[in-house]
Amino acid sequence: MSAGEEDYRDALAAAAGHARQWLDSQATRHIGPRVTAGKLVADFGGPLPKEGMPAAEVVDYLAAKAEPGLMAMPSGRFFGWVIGGTLPAALAADWLVSAWDQNAGLRFATPATAAIEDAAGAWLLELLGLPEESDVGFATGATMANFTGMAAARWRLMADAGWDLDGDGLSGAPRIHCFVGQERHDTIDLGLRYLGLGRPTVVPADRQGRIIPAELDCALDLALSSANGLRPAPVLVCLQAGNLHSGAFDPFTEAIAVAKAHGAWVHVDGAFGLWAAAVPELSALTAGLRQADSWGTDAHKTLNVPYDCGIAVVRDAQALRSAMGVHTSYLIQAADGAGDPFEKVPELSRRARGVPVWAALKSLGRDGVTGQIRELVQRASQLAEQLSALDGVEVLNDVDYTQVSLAFGDDAVTRAVTEKIIGDGRVWMSGSRWQDRDILRISVSNWSTDDADVRVAVDTVRDALAAVRG
Ligand SMILES: *Cc1c(COP(=O)(O)O)cnc(C)c1O
């Protein structure tokens, strides 16, 4: 065995051991980190060492020093933000992706990963009931997946308005009017900023945070009556599947009909909510979703693959490939029309992040994915039911999906309870602000969350509330 081979063997064996230890510790560990990043900097930093260290020792050092600063996000007792765990097949596939070390941009150069991602993309379209002619790109997360969909929108809207975006850029271009619901995710605004589209028109939402179609209709009428005669005026409407606080879904059938009547491109941010389309009992939430033009979602949330993995789905493949493709001579492109992976995402060189998605889908099967999402929703409704039965707990949202937002009387009490829960360490839930109130937000996003975890969560909230009340 060569020295290089031994280094790989020892380093990977060390990593596998530490990974197992970390995962085994999830059942019992304190969820939160026990040190701050500032404290850890000394361990990892200092002057760059002159001499190196054997690979396996680097791995041992890394694992030992990082341990106190890790958050138990893979735990079934982690309910913070909207953060999924990792399915075993997806995690192991992710390791293989690193070992294979494929630069996954070109079909002809890395046919295996291109084929795996194609298969994963086709499975996703089938699972989510999206148009089968759509292109699927694997980006880093929903921020970039949404950006990708909206970039395709910008290209198509400009082309339809007779403007050469690639040649002439945005200066002097017709204005694209962008409309978002009041409770869209802030990263939609960020995507619009990346695209030079500016601040969107904000459309009022209802109590659950769903865009109100009649308000959208008025806003579109108003904006377009003042558009300088361009017909159709370029319009982008961004809708949402899965509100961060309530889990609510925009009414797609009505909102998309209104948007389409005004000639809009409709993009849907379904970072964690798009997955509801895989569950027959949830079909009322996603009805009409398919009529949109592009969709962004995360695989690292509801599907439970490792970070980082977002998915962009765009019906108009020409628009997507025109927006994202790089047309230079040294990139030899596939002749079969399938499109190269790099034409569907912002990155040229990237890891084959669609492979863990394929592994997750292969290991679960259709029934497994449906069952996993169904179970997240059931756990959320169990939590809502048991928590609302406690004295002093108010569940603020209709719990139709995976999110539960709570308050405990006034803001000061809610903040104090949230702090207590985080300090307690049996579970993690994050605080937020929603509709002018401080809230405690619970997101059930991990495949491994079970009855026992739900029980611990309810106990922890009850104890924290009791402690705050003295
Ligand atoms: C998480 C989230 C995003 C951003 O996704 P990232 O994967 O963090 O980039 C966008 N929209 C919604 C609704 C989200 O929940």
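Which are the buried residues of α12? The legends below take up this helix after an overall view.

**Figure 1. Overall view of the predicted protein chain and its two assigned domains.** This is a predicted model, in which local features need pLDDT of at least 70 and side-chain atom pairs count only at pLDDT 80 or more, while totals for chains, interfaces and linings use all residues. Residues are numbered from 1 along each chain as its sequence is written, and side-chain values use heavy atoms, with hydrogens and water left out. The protein chain holds 15 helices and 11 strands, these being DSSP runs numbered from the N terminus (helices H or I, at least four residues; strands E, at least two). The domain assignment, automatic or from a database, gives domain 1 (3-72) and domain 2 (93-360), and their centres, taken over C-alpha atoms, are separated by 36 Å. Of the 470 residues, 51% are buried, where buried means under 20% relative accessible area, exposed over 50%, and partly exposed in between (1.4 Å probe, protein chains only).

**Figure 2. Helix α12 and what covers it.** Helix α12 (residues 317-324) is largely enclosed by the rest of the structure, because six of its eight residues are buried. Those buried residues are Ala317, Ala319, Leu320, Arg321, Ser322 and Met324. Their cover includes the helices α6 (142-160) and α7 (165-168), together with the strands β1 (135-139), β5 (265-269) and β7 (310-314).

**Figure 3. Asparagine 146 in helix α6.** Asparagine 146 is buried, with a relative accessible area of 1%. Once its neighbours within four places in sequence are left aside, asparagine 146 is in contact with Ile188, His267, Val268, Asp269 and Gly296, contact meaning heavy atoms within 4.5 Å.

**Figure 4. A salt bridge within helix α6, between aspartate 160 and arginine 156.** A salt bridge is a side-chain nitrogen of Lys or Arg within 4 Å of a carboxyl oxygen of Asp or Glu, and by this rule the count comes to 29. In this pair the closest N and O atoms are 4.0 Å apart, and the two residues, four apart in the helix, are separated by about one helical turn. Aspartate 160 is exposed, at a relative accessible area of 53%, whereas arginine 156 counts as buried at 18%.

**Figure 5. The salt bridge between glutamate 126 and arginine 366.** The closest N and O atoms of glutamate 126 and arginine 366 lie 3.5 Å apart. Because glutamate 126 belongs to helix α5 (residues 111-128) and arginine 366 to helix α13 (residues 354-388), the pair ties together parts that are 240 residues apart in sequence. Glutamate 126 is exposed, with a relative accessible area of 52%, while arginine 366 is partly exposed, with 43%.

**Figure 6. The salt bridge between arginine 415 and aspartate 438.** Here the closest N and O atoms are 2.4 Å apart, and the pair links distant parts of the chain, with arginine 415 in helix α14 (residues 411-424) and aspartate 438 in strand β11 (residues 437-443), 23 residues apart. Arginine 415 counts as partly exposed at 45% relative accessibility, whereas aspartate 438 is buried at 11%. Salt bridges that share partners join Asp411, Arg415, Arg433 and Asp438 into one network.
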